[in-house]
Amino acid sequence: MRGATVYAQGQPIDLAIAMQAAEWLTTLMSGAATPAEKTAWQAWRQAHPDHERAWKHIESVSGGLRELDAQASRKALLQGPNARSRPASPISRRTSLQLLAWVSTIGITSWFGARSPYAPDFARAALADLSTSVGERRELTLPDGSHLHLNSGSAVNIRYTGTQRLLQLVQGEVFIATARETGRPYRPFLVETAHGHAQALGTRYSVRQAEGSTVVAVEEGAVRLLPRHGDGKQLVQAGQAASMTAQQVLPAHAVSPDIWAWRQGLLLADAMPLRDFLHELSRYRHGLLGCDDTVAHLRISGVFPLADLDAVLLSLPESLPVDVRLRTRYWVQVEARQQR
């Protein structure tokens, strides 16, 4: 979603900044923000006028949360408007933070979404049939016997009818091993995204919805791509991947099996630019991962466990001339190594 535009106080800002404001809202409302985190929050607000404008907007729409006690805010959210008439139920910190993250996400939809075509996806993901949170992966069997793997931060709707087997990919990435259809009439297996349809032809494949396009990679069999508004179709064979926009399908190219390593909880990098590497890690970790332009071009290779991303980040200075700054547990910046 980088590069998408939303509106705050009547002026456009980048959607990434709006999401950063939501992250800070979640941190401050958790009731456990440290002095260092509060200092970093203030530094973030002062770093750019758009940051302050996004914060003022999210704060004003949420009823002046800055003026509320964080613990009282959390209790109000968790217990609802009739809290005084019933005893509070025990809720874990993890559940509290999950709810607060959900509330801030839906808040972005309501507050910034009136003039953004992207914002409705947040609400759709929250209401999807199946979903995963950031860092979570799920595997399950569909009604026809097909196997579905959901990557981190993904959401799908299941729409099986008498004429087709349809998965609507709301956001994120899935890997599917389709089952053979034995019923009559034959029902094709389709994955629908914002950009078109991917029709399985006896297939094991992944579908990833990215900004502006859908990327389909085929492990076994073939997949036919049909863009939503274009006339062209393209067949993607085993060992290939292709990107599809709403108007066209770009030429297929060879793809490494490394692309599916996430199913084993791994990220495989082969001379990957550091900026791209951190972008991939950010799909599995809450908060912000950034790097200075001076080190963005550095290349990294290796096999990295997705279950311990903090350890992965802290190991970067061992192989690259960089320093890792943990401004807060939700804000990490990779910078050029300082002379000591």
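Of the 340 residues of the protein chain, 45% count as buried. The model shown here is a predicted one. Its accessible surface comes to about 16900 Å², and carbon and sulfur atoms account for 52% of that area. The secondary structure consists of nine helices and 18 strands. Among the contacts between residues at least 6 apart in sequence, 50% join residues that are at least 24 apart.

A good place to begin is strand 7, which covers residues 165-177. Of its 13 residues, 11 are buried, so strand 7 is largely enclosed by the rest of the structure. Several other strands pair with strand 7, and they can be taken in the order of their numbers. Strand 5 (residues 147-150) runs antiparallel to strand 7, with four bridges between the two. In this pairing, L148 stands opposite I176 of strand 7. Strand 6 (residues 155-160) is also antiparallel to strand 7, and here the bridges number six. V156 is found opposite L169 of strand 7. Strand 6 and strand 7 also make a hairpin, with four residues between them.

Strand 8 (residues 189-193) pairs with strand 7 in the parallel sense, over four bridges. One position to look for is L166, whose bridge partner in strand 8 is L190. Strand 9 (residues 196-210) returns to the antiparallel sense and is joined to strand 7 by six bridges. There, V174 has V207 of strand 9 as its bridge partner.

The next pair of strands shows how side chains can be arranged on a strand. Strand 10 (residues 213-227) and strand 11 run antiparallel and are joined by four bridges. A hairpin of six residues leads from strand 10 to strand 11. R224 has L235 of strand 11 as its bridge partner. In a regular strand the side chains alternate between the two faces of the sheet. Strand 11 (residues 234-237) shows this alternation: Q234 and V236 point to one face and are buried, whereas L235 and Q237 point to the other face and are not buried.

Loops can hold buried residues as well. T245 lies in the loop between strand 12 (240-244) and strand 13 (253-254). T245 has a relative accessibility of 17%, and it counts as buried because the limit for that word is under 20%. Which residues is T245 in contact with, leaving aside its neighbours within four places in sequence? They are H195, G212, S213 and P227.

The helices give a further view of burial. In helix 7 (residues 274-282), the buried residues are L274, F277, L278, E280 and L281. These residues cover an arc of only 155 degrees around the axis, which puts them on the same side of helix 7. An α-helix has 3.6 residues a turn, so residues three or four places apart point the same way.

Helix 3 (residues 49-61) is linked to helix 2 (residues 35-47) by a pair of aromatic residues, W41 in helix 2 and W55 in helix 3. A pair of aromatic rings is described by the distance of the centres and the angle of the planes. The count of aromatic pairs in the model comes to three. One of them is the pair of W41 and W55, which is edge-to-face, with 5.2 Å from centre to centre and 70 degrees between the planes. The two residues are 14 residues apart, and their pair links distant parts of the chain. Are these two residues buried or exposed? W41 counts as buried at 8% relative accessibility, and W55 counts as buried at 3%.

Helix 3 also contains I58. With a relative accessible area of 0%, I58 is buried. I58 and A22 are 36 residues apart in sequence, while their C-alpha atoms are 7.7 Å apart in space.

Two arginines are placed over aromatic rings. The charged end of R263 sits over the ring of F175, at 3.8 Å from the ring's centre. R327 lies over the face of W331, and the distance to the ring centre is 5.1 Å.

Key:
Residues are numbered from 1 along each chain as its sequence is written. This is a predicted model: local features need pLDDT of at least 70, side-chain atom pairs count only at pLDDT 80 or more; totals for chains, interfaces and linings use all residues. Side-chain values use heavy atoms; hydrogens and water are left out. Buried means under 20% relative accessible area, exposed over 50%, partly exposed in between (1.4 Å probe, protein chains only). Contact means heavy atoms within 4.5 Å. Accessible areas come from the Shrake-Rupley method with a 1.4 Å probe; for residues, only the protein chains shown count as cover. The arc is that of the directions from the helix axis to the C-beta atoms. Rings of Phe, Tyr and Trp (its six-membered ring) pair if their centres lie within 6.5 Å; planes under 30 degrees apart count as stacked, over 60 as edge-to-face and the rest as tilted. A charge sits over a ring if NZ of Lys or CZ of Arg is within 6 Å of the ring centre and within 35 degrees of the ring normal. Two strands pair if DSSP finds at least two bridges between them.
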